[in-house]
Amino acid sequence: MEFVEAGINIAKEAGTMLLNHIDKPIKIDQKESEFDLVTEWDKKIEEYIVKEIKEAFPDHIVVGEEGFNNNFKSVSLSNLINENEHVWVIDPIDGTNNYIHGLPGYTISIAKFQKGEIRAGVVYSPDNNELFSAEKGRGAYLNGTKINVSKKERLEESIIATGIPSNIEIHRKNVLNQINMIGTKCRNIRIYGSAALHCAYTAAGRLEAYWEPGLNIWDIAAGVLIATEAGGMVSELDGSPFAIDFDTFLVSNGGVGHQIIRVLE
Ligand code: IPD
Ligand code: CA
C-alpha cells in the first residue's frame with residue numbers, strides 16, 4: 001500500500017506542476033531526431049519525482065526516461081530491474097508531443113518493481129484529473145473506483161489504439177502498415193499519443209486493445225500492471241510473453257488479443 005500511495009501523491013503533485021505551466025513558453029530540445037523531443041518540464045518533473053521517491057525510500061533505485069541510470073542499455077536495464085529488490089521506473093511526461101502542442105492526453109507514469117515484478121503502478125492524466133492505479137493482486141482503480149477491461153470479443157465491435165513511434169525508418173513504417181491491416185477489421189482506430197494512457201484506457205474498458213513496437217519500459221510499466229490487474233493481457237505482437245526487455249507490445253482485454261496477433265502475423 002505504501003508504494004502505490006506514494007506514487008499517487010507524487011504523480012498528483014507533478015500533474016499540478018505541469019498544469020501550472022501549460023500556457024507558458026517552454027524550452028524544447030531534440031533527442032534522437034526532430035521527431036523525438038524533450039521539454040524542460042520532462043526534466044524538471046523527473047527531477048521532482050526522483051527527489052520525492054529518494055526522500056521516502058533512500059535505498060531504492062529510480063530509473064527515469066530523461067537520464068537517471070539511462071546509460072544502461074535495455075539488456076542491462078532489465079538486469080538492473082530484475083536483480084534489485086526495489087526499482088522505480090518512471091516517465092515524467094508520456095506524451096511529450098501532446099504537452100508541447102497543448103493537446104490533452106499526456107500522462108505521468110510511475111511503476112514500482114520488486115525483484116523484476118511490477119508491484120505498483122500509477123498513471124495520471126492531469127488535464128482531466130484521471131488517476132489510474134494498481135497494486136499487484138489488488139485490482140485496478142480509476143480515481144478510487146475499481147475498473148475492468150471490456151468484455152468485447154469481436155474485432156468488429158472493438159476500438160483499437162496504436163502509437164506512432166518517433167523512429168520513422170523502422171517502427172513508424174511498421175505501424176502504418178499494421179494500421180492498414182487492422183483498420184478495416186475493427187470498429188475504429190485511435191491514437192491518443194501516450195502509451196501509458198492507452199494501457200489505462202484498455203484497463204478501464206474504453207479501448208479493447210493497444211499495440212506499438214519500439215516502446216521503452218518506462219512508457220508502459222505502470223500501464224501493464226493497471227491493465228493486467230483489470231483483467232487484461234499483455235504480450236509481444238507475436239503472442240510471446242511480455243518481459244522487461246520486450247520488443248513489440250500488445251495489451252488487450254483478452255477477448256480480441258489473439259485475433260490481433262493473427263491479423264498482424
Ligand atoms: C511516447 C508516447 C507515444 C508513443 C511513442 C512514445 P514519450 O512517449 O508514449 O504514445 O507513440 O512511441 O515514445 O516520448 O512522449 O514519453
Ligand atoms: Ca516521456
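Glu208 is buried yet has no salt bridge. In this predicted model, the nearest side chain of opposite charge belongs to Lys152, 4.1 Å away. A salt bridge here needs a nitrogen within 4 Å of a carboxyl oxygen, so the Lys152 distance of 4.1 Å doesn't make the cut.

What does the side chain of Glu208 reach, then? It goes for the backbone nitrogen of Ile159, at 2.9 Å. As for where Glu208 sits, look in the loop between helix H6 (195–203) and strand S12 (209–213). Leaving out residues up to four places away in sequence, Glu208 touches a list of residues including Ser150, Lys152, Glu157, Ser158 and Ile159. Val251, Ser252, Asn253 and Val256 are also among them.

Now for the ligands. Around ligand 1 there are 15 residues, and the closest are Asp94, Gly95, Thr96, Gly193 and Glu212. Here are some polar contacts to oxygen atoms of ligand 1:

| Residue | Polar atom in the residue | Distance to an oxygen atom of ligand 1 |
|---|---|---|
| Thr96 | backbone | 2.9 Å |
| Ser194 | backbone | 3.1 Å |
| Asp219 | side chain | 3.5 Å |

Ligand 2 is a calcium ion, and which residues coordinate it? Glu65 (OE), Asp91 (OD), Asp91 (OD) and Ile93 (O) do, at 2.1 to 3.0 Å. So Asp91 is listed with two OD entries, while Ile93 chips in with O. Along the sequence, the calcium donors follow the spacing E-x25-D-x1-I. Asp91 and Ile93 are both buried, just as Glu208 is.

Terms used: Residues numbered from 1 in each chain as written. Chains lettered and ligands numbered in written order. Predicted model: local features only at pLDDT ≥ 70, side-chain atom pairs only at ≥ 80, totals over all residues. Heavy atoms only, no water. Donors = N, O, S within 2.8 Å, 3.2 Å for Na, K, Ca; no water. Buried < 20%, exposed > 50% of the residue type's maximum accessible area, 1.4 Å probe, protein only. Helix = DSSP H or I, 4+ residues; strand = E, 2+ residues; numbered from the N terminus. Lys, Arg positive; Asp, Glu negative; His and termini not counted. Polar contact = N/O pair within 3.5 Å; in protein donor to acceptor, adjacent residues only side chain to side chain. Contact = heavy atoms within 4.5 Å. Near = heavy atom within 4 Å.
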